[in-house]
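Let's take a walk through this model together. Have the coordinates open in your viewer as you read.

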Amino acid sequence: MPSYFGAIKRQRTLEMVNIGAFHHRLFSSAATNAKRNPAFSTINPDDVLHFKEILGHKNVIQDEDRLLAANVDWMRKYKGSSQLLLLPRNTEEVSKILKYCNSRCLAVVPQGGNTGLVGGSVPVYDEVIINLSTMDKIISLDKVNGILICEAGCILENLNSFLANEGYIMPLDLGAKGSCQIGGNISTNAGGLHFIRYGSLHGNILGLEVILADGTILDMLTTLRKDNTGYDLKHLFIGSEGTLGIITKIVVLTPCKLSSTNSAFLACSDYLSCQKLLAEAKQDLGEAISAFEFMDCNSVEMALTHIEGARNPLPASLYKFYVLIETTGADESYNRTKLEAFLLRSMEVGLISDGVIAQDLNQASSFWQIREGLSEATAKAGAVYKYDLSLPVDKLYSIVEEMRARLGNIAKVIGYGHLGDGNLHLNISTTHYDEKILAQIEPFVYEWTAHHRGSISAEHGLGLMKAEKIHYSKSEEAVKVMASIKKLLDPKGILNPYKVLPQSMLQS
């Protein structure tokens, strides 16, 4: 079995997609029918003048073209009607903005790279947009411990490039890393490809600076690995999608950049073999595993059909399932030998039907092009209904099979995702959008997930799309506690309204 050693820089096809070319064919569950909160004020000339006094004229945006771009999410699924975009340059300016907005009861929506998938980063109505893109300073790096302090507007890829020169990497790797901002990543508790290796941001974020709705600056910028004094408040804001406060600075623990990276593209005859392969990989490869992705036959077939330049790494046949494994380590020879031995044993016992290890950068990129090009491929194929589910690994593919049987020939159902994390991306592709098809999918997909004690949002968040569906994954008591926290920290409800929690839970 051929092998390749050395660092792999992946081709991120998602970032190259011309969304505008086919956005009218992307569909998901219908947006919430939440009505505008009548308690919110509307922007007037005095408000604009006040913001210009805080930020200066050039950072208060009323230009129609720039507002249009900021009002729409990158998939063109959600569109607001904000008349004002603010670009604060530092913590103090964010604090002054929120203090004023709270006093005037002006609703706001925090915005980073605007790469989300559930409508969480764009206005629903006329909320003031607070975009943190100009807050992109790297403040410091502890080169001994790998502890990075930076502002929330730093682009993930830029942070990774900076760290690579110092011998470290970010613990997060996303397809949108060239556009997404670290503050937004934390606000949505983004997962990504390396979750299996480095875990959740809850475990990697050491400290935060957050601005509350009334302008209070909450300084939690500790760089300590251990600090057991009272409640660890930062966890409230990780994954809160900007509904409890606006993150302005972060402290993140970054892992060392390792010299050896190997990628293997494998074929399996059934889903049970994929599960067993995962279990064996954890046992034999241990912490060397940095990614463990799976795709079904329909996924790979769609990628090969619709992604320009995509080629099947295993052209002899089209198998039922595919697994993409990445390992990283410090010793190239040792890691190569270990991976090859594992794959040989797995093939001998029948877990793998075929497979190849990348021999060079181009081949490694071609493997990842298939996996990461699936969003592009499904969009080009027609209308697509997307669901981001977290399920027990043994049940994860069952929803794909049941949905396939439920829909029959009216749609093509594909399943792929982060098998190592129990995260399924369920995509249902049709030639055109149809309310009857949607009625076949929802609420069945949510009910099925709830029945198997899964989550209706594994890594994308709830945003606007699923705010009214949180009860499928959280108990009524848990949602009530969340609502009480929201009311405590944001009593007027100005921070990213209509998102994450059902509006009925926030009414006085």
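The report below goes from the cores to helix packing, aromatic pairs and a few backbone details.

## Nonpolar cores

Please keep in mind that this is a predicted model. Its largest nonpolar core has 115 residues, and the members that touch the most others are Phe51, Leu208, Tyr387 and Leu426. Take Leu426 as a place to start: beyond residues up to four places away in sequence, Leu426 touches Tyr385, Lys386, Tyr387, Leu389, Ile399, Val400, Met403, Val413, Ile414 and Val445. Another core, of 24 residues, lies apart from the largest one, and its members include Val300, Met302, Ala303 and Ala377.

## Helix 10 against helix 13

Helix 10 (residues 297-306) packs on helix 13 (residues 374-381) with the axes 9 Å apart and an angle of about 75 degrees between them. Helix 10 is therefore roughly perpendicular to helix 13.

If you zoom in on this contact, Ser299, Met302, Ala303 and His306 are the residues from helix 10, while helix 13 brings Leu374, Ala377, Thr378, Lys380 and Ala381. Sorted by class, the contact has five nonpolar residues, three polar and one charged.

## Aromatic pairs

Searching the whole structure turns up 14 aromatic pairs. In one of them, the ring centres of Phe40 and Tyr498 are 6.4 Å apart and the planes stand at 80 degrees, so this pair counts as edge-to-face. The pair links distant parts of the chain, with the two positions 458 residues apart: Phe40 belongs to the segment before helix 1 (45-55), and Tyr498 to the segment after helix 17 (476-489). Phe40 is buried, at 7% relative accessible area, and Tyr498 is buried too, at 3%.

Elsewhere, look for Phe265, Tyr319, Tyr322 and Phe367, which ring pairs link into a cluster.

## Helix 16 and its flanks

Which residues of helix 16 (residues 444-451) are buried? They are Phe444, Val445, Tyr446, Trp448 and Thr449. Their cover includes strand 14 (383-390), helix 14 (398-407), strand 16 (423-430) and helix 15 (435-441). Val445 also appears among the contacts of Leu426.

Both sides of this helix have a backbone feature to look at. In the loop between helix 15 and helix 16 sits Pro443, and a cis peptide bond joins Glu442 to Pro443, with omega about 5 degrees. On the other side, Arg453 is in the loop between helix 16 and helix 17. Arg453 has a positive phi of about 55 degrees although it is not a glycine, and Arg453 is exposed, with a relative accessible area of 78%.

## Two more loop residues

Asn189 is another residue other than glycine with a positive phi, near 50 degrees. You will find Asn189 in the loop between helix 5 (182-187) and helix 6 (195-198). Is Asn189 buried, partly exposed or exposed? With a relative accessible area of 22%, Asn189 is partly exposed, since the cut-off for buried is under 20%.

Pro123 lies in the loop between strand 3 (108-111) and strand 4 (128-131), and at 3% relative accessibility Pro123 counts as buried. Leaving out neighbours within four places in sequence, Pro123 is in contact with Ala70, Asn71, Lys79, Gly80, Ser82, Val109 and Ile129. The C-alpha atoms of Pro123 and Asp73 are separated by 9.3 Å, although these residues are 50 residues apart along the chain.

Technical notes
Residues are numbered from 1 along each chain as its sequence is written. This is a predicted model: local features need pLDDT of at least 70, side-chain atom pairs count only at pLDDT 80 or more; totals for chains, interfaces and linings use all residues. Side-chain values use heavy atoms; hydrogens and water are left out. A nonpolar core is a set of buried Ala, Val, Leu, Ile, Met, Phe, Trp, Tyr and Cys residues joined through side-chain atoms within 4.5 Å. Buried means under 20% relative accessible area, exposed over 50%, partly exposed in between (1.4 Å probe, protein chains only). Contact means heavy atoms within 4.5 Å. Axes are lines fitted to C-alpha atoms, for helices over the stretch in contact, and angles run from 0 to 180 degrees between N-to-C directions. Helices (H or I, at least four residues) and strands (E, at least two) are DSSP runs, numbered from the N terminus. Angles under 35 degrees count as roughly parallel, over 145 as roughly antiparallel, 65 to 115 as roughly perpendicular and the rest as oblique. Ala, Val, Leu, Ile, Met, Phe, Trp, Tyr, Cys and Pro count as nonpolar, Asp, Glu, Lys and Arg as charged, and the others, Gly among them, as polar. Rings of Phe, Tyr and Trp (its six-membered ring) pair if their centres lie within 6.5 Å; planes under 30 degrees apart count as stacked, over 60 as edge-to-face and the rest as tilted.
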